[in-house]
4 protein chains.
Amino acid sequence: MATTAAVRDDEPATKFAKDQLKSIIERIERLEEEKKAISDDIRDVYAESKGNGYDVKALRTIVRMRKQDPNERAEAETILETYMQALGML
Amino acid sequence: MATTAAVRDDEPATKFAKDQLKSIIERIERLEEEKKAISDDIRDVYAESKGNGYDVKALRTIVRMRKQDPNERAEAETILETYMQALGML
Amino acid sequence: MATTAAVRDDEPATKFAKDQLKSIIERIERLEEEKKAISDDIRDVYAESKGNGYDVKALRTIVRMRKQDPNERAEAETILETYMQALGML
Amino acid sequence: MATTAAVRDDEPATKFAKDQLKSIIERIERLEEEKKAISDDIRDVYAESKGNGYDVKALRTIVRMRKQDPNERAEAETILETYMQALGML
DNA sequence: ACTCCAATACTTTAGC
DNA sequence: GCTAAAGTATTGGAGT
C-alpha cells in the first residue's frame, strides 16, 4: 500500500503511521471543540430568551417543527389523530 | 416590563414582539446549521479514516478518553478503588 | 454511627463492611436485570405492533400524551399556537 | 384481511380494531408502570446506601463497570492499546 | 428494507 | 430556586 498504512495489525509502528493517527485525533478534537462552542451559543440564546419571558420548551418545539418536512408532518398528524379518535381522546 | 414584552400572556400581539420571536428562532436555526455542518465534518473524518484502515470504534474511544481524563479521573479513582478492593475486583 | 459503617474513609475494611457493600451492589444488579427484562418486553410489544401494521412512532406519541397532565398539555398547546400564529405557521 | 387489520389507512374503524389498539396501549402502559416501580426501587437502594455513608457516584460506577466488563473488554482492548501506544497515552 | 448503535434531546435529580 | 449533572428516551445514520 503506497500512501499510508494504518496503525494496525502486524505492521511495524512507523513514525509516519503514528503521526497520521495523531493528526486524525487532533482534527476531530478541534472539530468537537467548535461544535461545543456552537452548542453553548444555542444554549445561551435559549437562556436569554427565557429571561425575556419566552417559553423555552415551546421555542424548541417551533424549531423542531420548522425542520420537518410539511408533508411528512401532515401524514404523521393524520395517523395520530386516527389513533386518538379510536381511543376516544378526541 | 420595560424593554419589550414577549409574545405571551394577554398582551396584544405587536409587530415588535413578532419580530423579536422571529429573530430568536432564526438565530437558533443559523446556529444549528453551523453545528450540523461541523457534525458532518466529523463524520467525514471518521469515514475517511475508516477508508484508510482505521477502526472507527477505537478512534471514538480514544477521543472520548482524552476528553474525560483531565476532568474527573483522580477524584473518583480513590473511592472507587476502595470499593473495588472490597469487592475483589482488584 | 450505630449500625455499621461503610467502606469508606479511614475505617478498617472489615469483613462486615465488605459484605454489606457486596449486598448493595447485588441488589441493584438484580433490580436492573428486572428492569431490563421489562424494557425488552416493551420493545417487543412495539415490534409486534409494527408487524401488525401499526405506526410505532404514533403509538409512542399516544403513550406519552396519555401520561401528561391534561391541563399542562392544554396550556403548552396554547403557548405553542400563539408562537406559531406570530410566525405565520398557522 | 384475515387476522386483524390495524386502525389504519382507508379501513373502516371497526370496533375490533379499536379494541386491539387499546389493548396495545394498555399493555405498554402496564409494562411502563412496572418499569417505573423498579426504577424507584433502585433509587431507594441508592438513597438508603447514601444514608449509610456510601458514595453513590462510586456505587453507580461499580455497577456500570461490572456490566460492561464481560461484554466488550477483551475485544476492543487490543486495538485500543495499539492506538494509545502510538499516541503516547500508555 | 431492517437492525443496530451512536448522538441528541428531554427529564429528573442532586447540590449550591 | 437555579444551575449543573445523570439517567432515560427518541432520533438519525451506518452496516447488513
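In what follows, Asp, Glu, Lys and Arg count as charged, Ala, Val, Leu, Ile, Met, Phe, Trp, Tyr, Cys and Pro as nonpolar, and the others, Gly among them, as polar. With these classes in hand, the surface near DNA strand E turns out to have nine charged residues, one polar residue and no nonpolar residue. The structure is a predicted model, and this surface is a good place to start a tour of it.

The residues that surround DNA strand E come from three chains: K35(A), K57(A), R60(A) and R64(A) from chain A, K35(B), S39(B), K57(B) and R60(B) from chain B, and R43(D) and K50(D) from chain D. On the DNA side, sugar and phosphate make up 100% of the atoms of strand E that come within 4 Å of the protein. Several polar contacts can be picked out here. In chain A, an N or O atom in the side chain of K35(A) is 2.3 Å from a phosphate oxygen of DNA strand E, while a polar side-chain atom of R64(A) lies 3.1 Å from a phosphate oxygen of this strand. In chain B, the side chain of K35(B) places an N or O atom 3.3 Å from a phosphate oxygen of DNA strand E. Looking at secondary structure, two or more residues of this surface are given by each of α2 of chain A, α1 and α2 (56-68) of chain B, and α1 (15-51) of chain D. The largest share, three residues, comes from α2(A).

Attention now turns to DNA strand F. Around this strand are R43(B) and K50(B), together with K35(C), K57(C) and R60(C) of chain C and K35(D), K57(D) and R60(D) of chain D. The surface near strand F has eight charged residues, with no polar and no nonpolar ones. Of the atoms of DNA strand F within 4 Å of the protein, 100% belong to sugar or phosphate. A polar side-chain atom of K35(C) is found 2.4 Å from a phosphate oxygen of DNA strand F. For chain D, the corresponding distances to a phosphate oxygen of strand F are 3.0 Å for a polar side-chain atom of K35(D) and 2.7 Å for one of K57(D). At least two residues of the surface near strand F are supplied by each of α1 (15-51) of chain B, α2 (56-67) of chain C and α2 (56-86) of chain D.

How are the protein copies arranged relative to one another? A turn of 179° and a shift of 0.3 Å along the axis lay chain A on chain B, with an RMSD of 1.7 Å. The two copies are thus related as by a two-fold rotation axis. The C-alpha of chain A nearest this axis belongs to K35(A), at 3.0 Å. Of the interface residues of chain A, 94% are also interface residues in chain B, so these copies meet through the same surface.

Chains C and D can be compared in the same way. Chain D is superposed on chain C by a rotation of 178° with 0.4 Å of shift along its axis, giving an RMSD of 2.0 Å. In chain D, the C-alpha nearest the axis is that of K35(D), 2.8 Å away from it. The same surface serves both copies, as 100% of the contact residues of chain D recur in chain C.

Finally, the largest pocket holds about 1400 Å³ of space. Its lining is made of 37 residues, and those nearest its centre are R64(A), R73(A), T61(C), R64(C) and R73(C). The elements giving two or more residues to this lining are α2 (56-67) and α3 (70-86) of chain A, along with α2 and α3 (70-86) of chain C. By class, the pocket lining has 18 charged, 15 nonpolar and four polar residues.

Notes:
Residues numbered from 1 in each chain as written. Chains lettered and ligands numbered in written order. Predicted model: local features only at pLDDT ≥ 70, side-chain atom pairs only at ≥ 80, totals over all residues. Heavy atoms only, no water. Near = heavy atom within 4 Å. Polar contact = N/O pair within 3.5 Å; in protein donor to acceptor, adjacent residues only side chain to side chain. Helix = DSSP H or I, 4+ residues; strand = E, 2+ residues; numbered from the N terminus. Least-squares fit on C-alpha atoms with pLDDT ≥ 70 in both. Contact = heavy atoms within 4.5 Å. 1 Å grid on protein atoms, 1.4 Å probe; cavity = no way out; pocket = protein on both sides within 12 Å on 5 of 7 lines; lining within 4 Å. Points joined across faces, edges and corners; volume = space filled by probe spheres on them.
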